[in-house]
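Here are some short exercises to practise reading a protein structure. Keep the picture open and try each task before you look at its solution.

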Amino acid sequence: MKILDLYILKKFLKTYVFAVLIIVAIILVIDYTEKVDNFIKKQAPTSEILFSYYLNFVPYWANYISPLMVFISTVFFTANLAARTELIAILSTGVSFLRLMRPYLMGSALVAVITFFMVAWIIPIANKTRIKFERKYVIDTYYFSGRDVHIKVAPDTYAYMETYDNNSNTGYRFTLEKIQNNQLMSKLMAERITWDTTRHKWTIHDYRIRAFEGEGKEKLTYGTKIDSTINLSPKDFDSNYQLHETFTLPELNAHIAKLKSRGADGVEVFVVEKYVRFANPFAIIILTMIGLIVSARKSRGGVGFQIALGFMLAFIYIMFFMMSKGMAESGTMPPLLAVWLPNIIFSGIGVLLYYTIPR
């Protein structure tokens, strides 16, 4: 590694880390101010506030603001280099602008790799603890309010509950139907179904089974209690609050496959989350290159103008990203296209700026 590469790489990483720490510190203060009443009201222990919540809160937000901070950091320190004519001195020695991009590319690629590793495995594990704390001490107690719940529990088997009580893990007006070749083969009906926490099985109470044996023949079976191991669990009725953020990448893939096999609604949120984890690291590299191109010239407006321009471009990117993500989650746009569209468009903007802005 050349001395020039090391010099710029150090400045890049130092500015990025400093910017992330400052913004995260501000977010911590704001978050504590907003939630302190909940902590007091629900008597959250100080140790849990510090270690279960805020210790896992920091990496979450540090990763969340990384694309923005890496862009602002690039604009800030590069504009300062240009203002002190350091870049002019570098380029006047015969170093091409493409060669100047190398340390920026190295630094952003390093941050991108770390970011991907964090969002794929580390942060979801931390989110499990953080979100569990929020459910207990911050948000209101969750009650499952859905009615007429239909769930596909096997390729040919469908379950139905009129209502479900998540406090007692009891479902009411339960039916289980087996359908083959568009024909109803059997139907189990019960007044209620309860979850046995020790054996991890469902207990079906006051049931009756109608089995259709062909040629108009039926067999009726009655009983007061029977155990069942259907592919259904109380977790399927838990709160979905930030659920997509608690899955590691393998767990997220498994959950998406599970929802698709059941034909369940709301799978778009998890598919978008999966694609975002791959797109964000590339966004860091793209925004770094744009930040370099925008700020690598001495401006009459001074450093402040270039930093303001950087903030404006970052704001536009975030707004564009949030809009396309919202459209994907609502099902109005394919998730893959929606997540990658901001990166594709800003890559084009970066290429345009490279050939049109004098350096």
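The exercises below all use this predicted model.

**Exercise 1.** Find where Ser66 sits and decide whether Ser66 is buried or exposed.

*Solution.*
- Step 1: Look for the helix. Ser66 belongs to helix α3, which covers residues 66–83.
- Step 2: Check the accessibility. The relative accessibility of Ser66 is 2%, and buried means under 20%, so Ser66 counts as buried.
- Step 3: List the neighbours. Leaving out residues up to four places away in sequence, Ser66 touches Tyr16, Thr115 and Ile284.
- Step 4: Look at the side chains. Those of Ser66 and Tyr16 are joined by a polar contact of 2.7 Å.

**Exercise 2.** Trace how strand β2 pairs with strands β1 and β3.

*Solution.*
- Step 1: Start with β1 (residues 149–154) and β2 (residues 157–165). They run antiparallel and are joined by 5 bridges.
- Step 2: Find a facing pair. Lys152 stands opposite Tyr158 in β2.
- Step 3: Inspect the connection. β1 and β2 make a hairpin, with 2 residues between them.
- Step 4: Move on to β3 (residues 170–180). This strand is antiparallel to β2, and 8 bridges join the two. Thr157, for example, has Lys178 in β3 as its bridge partner.
- Step 5: Inspect the second hairpin. There are 4 residues between β2 and β3, and Asn169 in the turn has a positive phi of about 55 degrees.

**Exercise 3.** Work out which element gives the largest share of the largest nonpolar core.

*Solution.*
- Step 1: Recall a general tendency. In soluble globular proteins, nonpolar side chains tend to be buried together.
- Step 2: Find the central members. The largest nonpolar core has 50 residues, and those touching the most other members are Phe39, Phe71, Phe97, Tyr104, Phe133 and Ile290.
- Step 3: See which elements contribute. Among those giving two or more residues to this core are α1, α5 and α7.
- Step 4: Pick the top contributor. With 9 residues, α7 supplies the largest share.
- Step 5: Look elsewhere too. A second, separate core of 19 residues includes Phe144, Val149, Leu176 and Ala190.

**Exercise 4.** Explain how far apart Asp31 and Lys35 are along their helix, and describe their salt bridge.

*Solution.*
- Step 1: Count along the chain. The two are 4 residues apart in helix α1, so about one helical turn separates Asp31 and Lys35.
- Step 2: Check the distance. In their salt bridge, the closest N and O atoms are 2.5 Å apart.
- Step 3: Check the surroundings. Both Asp31 and Lys35 are buried.

Conventions. Residues numbered from 1 in each chain as written. Predicted model: local features only at pLDDT ≥ 70, side-chain atom pairs only at ≥ 80, totals over all residues. Heavy atoms only, no water. Buried < 20%, exposed > 50% of the residue type's maximum accessible area, 1.4 Å probe, protein only. Polar contact = N/O pair within 3.5 Å; in protein donor to acceptor, adjacent residues only side chain to side chain. Contact = heavy atoms within 4.5 Å. Pairing = 2+ DSSP bridges. Core = buried A, V, L, I, M, F, W, Y, C linked by side-chain atoms within 4.5 Å. Salt bridge = Lys/Arg side-chain N within 4 Å of Asp/Glu carboxyl O.
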